[in-house]
Amino acid sequence: TFILSGYLDKKSFKNSQLAALDADLKKLIKPYATEGRTLKLSGTPIITIRYMQFMQRDQMIFMGISFALLLILMWVLMGSIKGLLLFLLSVVPAWIAIFAVMGLLGSPVTALLMVLPIILLIVGISDSIHILTPLKRRSEKGEKDVAAVFATMWLPCLLTSVTTALGFLSLILTRIPAVVSFGAFTAAGIM
């Protein structure tokens, strides 16, 4: 048994640096892997980057499946492509905006922030359903007054979004940096 150990400063724990470290270490040990000899990389940096890689892969799979199922659900509920487009108009801009802000601020995507798109999707769908369902009912009766639907539904939708955002914003009171950024970015994305 042979163990090679090293130390990394906490400032080096950025995903891009960890990914590069993992790739470099794999290249470094590859020539030494022979029949009967098993070489393993371990430690906090390696576990962190592998965890993030698995999370990213799973996120892509589950987001794709979730998004497809929700599109089918919205199509069934709304019964039209127009309803689907209205749904997308409520969710996609929030995703783009919040990830653009995160990029501009140089905020790393932590394991906790991996669930942000799903949370924004759920909140966006909820607001869409609260607005599009009464709109669909009115249009079935021959009424096409979109302004009347918004006049009655804007306050309930606003209040549910504000209370949800405040709940996530309360996470900034913790002393855990990953939880603080999760709470702040989720609250911002909801609003």
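**Note on salt bridges and a helix pair**

1. Asp 22 and Lys 26 both sit in helix α1 (residues 15-29), and because they are 4 residues apart there, about one helical turn separates them. This is a predicted model. The two side chains meet in a salt bridge, at 3.4 Å from N to O.

2. Is Asp 22 buried or exposed? Asp 22 has 2% relative accessibility, so it counts as buried; the cut-off for buried is under 20%. Lys 26, its partner, is at 41% and therefore counts as partly exposed.

3. Asp 22 has another partner, Arg 50. Their side chains form a salt bridge at 2.9 Å, N to O. Arg 50 belongs to helix α2 (residues 44-78) and Asp 22 to helix α1, so this pair ties together parts 28 residues apart in sequence. Arg 50 counts as partly exposed, at 24% relative accessibility.

4. Asp 58 and Arg 57 also pair up. Their side chains meet in a salt bridge at 3.0 Å, N to O. Asp 58 is partly exposed, with a relative accessible area of 27%. Arg 57 is partly exposed too, at 45%.

5. Which residues do shared salt-bridge partners join into one network? They are Asp 22, Lys 26 and Arg 50. Asp 22 is the partner of Lys 26 in one bridge and of Arg 50 in another. Over the whole structure, the search finds 3 salt bridges.

6. Now the helix pair. Helix α5 (residues 146-169) packs with helix α6 (residues 177-190) at about 165°. Their axes are 7 Å apart. The angle makes α5 roughly antiparallel to α6, because angles over 145 degrees count as such. The crossing of α5 past α6 is left-handed.

7. Which residues of α5 meet α6? On the α5 side they are Ser 161, Thr 164, Ala 165, Phe 168 and Leu 169. On the α6 side they are Phe 182, Gly 183, Ala 184, Thr 186, Ala 187 and Ile 190. The residues of this contact divide into 7 nonpolar and 4 polar. None is charged.

8. To recap the two topics. Asp 22, buried at 2% relative accessibility, bridges to Lys 26 within α1 and to Arg 50 in α2. The contact of α5 with α6 holds no charged residues, and the two helices run roughly antiparallel.

Conventions
Residues numbered from 1 in each chain as written. Predicted model: local features only at pLDDT ≥ 70, side-chain atom pairs only at ≥ 80, totals over all residues. Heavy atoms only, no water. Axes fitted to C-alpha atoms, helices over the stretch in contact; angles between N-to-C directions. Parallel < 35°, antiparallel > 145°, perpendicular 65-115°, else oblique. Left-handed = near helix turned anticlockwise from the far one by under 90°. Contact = heavy atoms within 4.5 Å. Nonpolar A, V, L, I, M, F, W, Y, C, P; charged D, E, K, R; others polar. Salt bridge = Lys/Arg side-chain N within 4 Å of Asp/Glu carboxyl O. Buried < 20%, exposed > 50% of the residue type's maximum accessible area, 1.4 Å probe, protein only.
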